[in-house]
Amino acid sequence: MDKEVFKDLTYGMFVVSTNYNGKNVGCFVNTVVQITSSSMLFAVSVNKDNYTNKAIRSSKKFAISVLSEKSNPEVIGKFGFLCSKDVDKFADFEVLNVQNLPVVSENICGYLICELVNIVDADSHDVFIAKAVDAKKVNNFSPMTYAYYHKVIKGKAPKTAPTFVEENLSNKQANKKEDSTKKPKGKPKKNDSAKQSQLQNKAIKTKVIAQNQDYKKYRCTICGHIYDEEKEGVRFADLPKNWTCPICCVGKELFEEIK
Ligand SMILES: Cc1cc2nc3c(=O)[nH]c(=O)nc-3n(C[C@H](O)[C@H](O)[C@H](O)COP(=O)(O)O)c2cc1C
């Protein structure tokens, strides 16, 4: 089977959100699709391990915020990589309350308010089928597509996303995986590349620790992860070119210095 063709399917980019035990809960999805016209039914695939799944099962209603190309990528990082159980994902964003549901409203194309009518078990995911009871177009912006997210924002999807593919692992993780499957030929030599890179890392660490001043912090603009030079012991600039965010796997170029 040529799974490459899976990547030619097109999707939009959405936040699915609800209210659970008095708390706003939500996650990022690319799997909202309209399935009927006159009865206005929509489907969304939500991983069974996502906290939002539990929340929607309980509240039986949810909002869909339709992201645009002008949407803040941090929305994707927060809603797509963190868990609502641990953090208030809505705290840093503009939120519109519609029928007691939180809509992540900044620069969105619009939103839908849906009532759950059915749940279809789909292996790792549940497909929630819901009826739109309200909807509003807010801005005349271009909707963000999954392709735009990959090609322009250079973002990735985590394992919980239905469209996750193994290559979304960071280069580092992927290399490690590849290495672990290779059998070493003969005795490892003293100056083999692993040893060399270990020594290199040690040298970089020593350099940074010796300087011991002016440590900087960098924030991943996709998932919000903070790279703290002091904690890590390595200057951000000295990290290898193929280093990627340990949370959402994007490259160094999507980190910004925290002033
Ligand atoms: C681009 C992208 C697309 C995603 N699509 C889906 C999806 O369609 N369904 C899903 O269950 N999770 C999807 N995810 C993963 C969830 O957003 C992620 O697991 C989230 O942290 C769950 O949050 P929660 O535990 O608060 O519900 C996607 C993530 C990203 C970054």
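I started with strands 1 and 2: 7 bridges join strand 1 (residues 14-20) to strand 2, and the two run antiparallel. Note to self: this is a predicted model. I picked one pair to look at, and found that Thr-18 has Val-25 in strand 2 as its bridge partner.

Next I traced the whole sheet. I get 7 strands in an open sheet, ordered 2-1-5-8-9-4-3, with antiparallel pairing. Strand 2 and strand 3 (32-34) sit at the edges; each has a single partner strand, so one side of each lacks a neighbour in the sheet. I also checked the twist: on average, neighbouring strands of this sheet are turned by 35° against each other, direction ignored.

Then the helices. I see helix 1 lying across strand 1, strand 2, strand 4, strand 5 (61-66), strand 8 (110-122) and strand 9 (125-137). Helix 1 runs at about 55° to strand 1. Helix 2 lies across strand 1 and strand 2, and I have it at about 105° to strand 2.

Last stop, the ligand. Which residues are closest to the ligand? I listed Asn-50, Thr-52, Gly-80, Ser-84 and Thr-160, out of 25 residues that surround it. I then asked which elements supply at least two residues of the shell each, and noted strand 2 (23-29), strand 4 (41-47), helix 1 (51-59) and helix 2 (73-81). Helix 2 gives the most, with 4 residues. So much for position; I looked at chemistry too. The shell around the ligand splits into 15 nonpolar and 10 polar residues, and I found no charged ones there.

Note on methods
Residues are numbered from 1 along each chain as its sequence is written. This is a predicted model: local features need pLDDT of at least 70, side-chain atom pairs count only at pLDDT 80 or more; totals for chains, interfaces and linings use all residues. A residue is near a molecule or strand if its C-beta atom, placed from the backbone, lies within 6 Å of it. Ala, Val, Leu, Ile, Met, Phe, Trp, Tyr, Cys and Pro count as nonpolar, Asp, Glu, Lys and Arg as charged, and the others, Gly among them, as polar. Two strands pair if DSSP finds at least two bridges between them. Axes are lines fitted to C-alpha atoms, for helices over the stretch in contact, and angles run from 0 to 180 degrees between N-to-C directions. Two residues are in contact if their C-beta atoms, placed from the backbone, lie within 7 Å.
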